[in-house]
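User: I am new to this structure and would like a close look at one part of it. Please take it slowly and explain the terms as you go.

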Amino acid sequence: MADFVRKISARITDGDGNGDGRSGDGDTVTERKTRTKSKTAKPPLFKVILLNDDYTPMEFVVEVLKAVFHKPHADATRIMLHVHQNGMGVAGVYPYEVAETKTHTVEELARQAEYPLKCVMEKE
């Protein structure tokens, strides 16, 4: 038993003979170990942008904004007019997977309705 204690003491003793785990009078001192907390980074956000075209009706764009992006009618109309006047407009900002799903949903709805409406993602 004493041999075991000596081996353990030798492992925790530094070069000057006074170990990190022992005080000068031979009493054992406990050592605290702290855990570092890892902070999770927020996922990067992506803008979902609607692109203007000359064929998709404004009413269809408003309905897409209401159905896919859950915008109130007034906001959907405002975004649609911005897209119409400026060539493009942000429909929403989401994490990558959500933005990707919404982009595919918009293009699928437009394809089914036989409109050329395009929707793209851009890192914010």
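How many bridges join S1 to S2?

Analyst: Seven bridges join S1 to S2, and the two strands run antiparallel. This is a predicted model, in which local features need pLDDT of at least 70 and side-chain atom pairs count only at pLDDT 80 or more, while totals for chains, interfaces and linings use all residues. Residues are numbered from 1 along each chain as its sequence is written, and side-chain values use heavy atoms, with hydrogens and water left out.

Strands (E, at least two residues) and helices (H or I, at least four) are DSSP runs numbered from the N terminus. Lysine 47 has valine 93 in S2 as its bridge partner. The open sheet has three strands in the order S2-S1-S3, with antiparallel pairing (at least two DSSP bridges between two strands). S2 and S3 are the edge strands, each pairing on one side only. From one strand to the next, the twist averages 30°.

H4 packs on this sheet, touching S1, S2 and S3 (contact: heavy atoms within 4.5 Å). The direction of H4 makes about 165° with that of S3 (axes are lines fitted to C-alpha atoms, for helices over the stretch in contact, and angles run from 0 to 180 degrees between N-to-C directions).

In H4 (residues 96-112), the buried residues (under 20% relative accessible area, 1.4 Å probe, protein chains only) are Ala99, Lys102, Thr103, Val106 and Ala110. Seen down the helix axis, they fall within an arc of 100° (directions from axis to C-beta atoms), so they line one face of H4. Their packing partners are strands S1 (45-51), S2 (88-95) and S3 (118-123), and helix H2 (58-69). The face turned away carries Glu97, His104, Arg111 and Gln112, which are exposed (over 50%).

Note on methods:
The expected span of a helix is 1.5 Å times one less than its number of residues.
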